[in-house]
Amino acid sequence: MIKEFLKRIRAAAGGASFRGAAEEQGTGERSTNTRSAGARPAEEQSAEMGEVIRKRMVFYGDVQGVGFRYRAKYGAQELGVTGWVKNEWDGTVVMEAQGTEEQIGRLITAVQQGTFVNIRDIRMKEIFPEEHEYSFHIR
């Protein structure tokens, strides 16, 4: 299931590879972080890249203690995706990512490429975008 999802994402991205370091329901929480230097929020990229969406994703598998959140943060910063990622008590990782479908797909691909990361399942749900979010952070 994951492999098919990643194939669809790669196809949508035109086979582009990631370069660089590296559902349940929406919470309605808002980020108050400041914008990082050089990063453009997803809202500014919408006109040139497609519709901005936000997805809440729960990752299952070997996803804690393997650099998942680190790769997500730096991948998101390079791709211009906003949102957050955090470990849960049950061994899963929850991530909310906001950008275009292509950007979010490339972010997931980048995280999956981690040496010890083994995503067995992803449950995702599209939720309403946050209007005033300017960065991606680890919770």
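Helix α3 passes helix α4 in a right-handed crossing, where right-handed describes a near helix turned clockwise from the far one by less than a right angle, and left-handed an anticlockwise turn. Helices (H or I, at least four residues) and strands (E, at least two) are DSSP runs, numbered from the N terminus. The model is a predicted one, in which local features need pLDDT of at least 70 and side-chain atom pairs count only at pLDDT 80 or more, while totals for chains, interfaces and linings use all residues. Residues are numbered from 1 along each chain as its sequence is written, and side-chain values use heavy atoms, with hydrogens and water left out.

A pair of packed helices is described by the angle between the axes and the distance between them. For α3 and α4 (residues 101-112), the angle is about 145° and the axes lie 9 Å apart; axes are lines fitted to C-alpha atoms, for helices over the stretch in contact, and angles run from 0 to 180 degrees between N-to-C directions. On the α3 side, Phe68, Arg71, Ala72, Gly75, Ala76 and Leu79 take part, and they meet Gln103, Arg106, Leu107, Ala110 and Val111 of α4, contact meaning heavy atoms within 4.5 Å. Sorted by class, seven of these residues are nonpolar, two polar and two charged. Here Ala, Val, Leu, Ile, Met, Phe, Trp, Tyr, Cys and Pro count as nonpolar, Asp, Glu, Lys and Arg as charged, and the others, Gly among them, as polar.

We turn next to the sheet. Its five strands form an open arrangement in the order β4-β1-β3-β2-β5, with mixed pairing; two strands pair if DSSP finds at least two bridges between them. Because β4 (118-127) and β5 (136-138) stand at the edges with a single partner strand each, one side of each has no neighbour in the sheet. On average, neighbouring strands are turned by 15° against each other, direction ignored. Helix α3 (residues 68-79) packs on this sheet and touches β1 (53-62), β2, β3, β4 and β5, its direction making about 165° with that of β5.

Within the sheet, β2 (residues 82-87) and β3 (residues 93-99) pair in the antiparallel sense over six bridges. Thr82 stands opposite Gln98 of β3, and Gly83 opposite Ala97. Five residues lie between the strands of this hairpin, where Gly91 takes a positive phi near 95°. Strand β2 also runs parallel to β5, joined by three bridges; Val85 has Ile138 as its bridge partner in β5.
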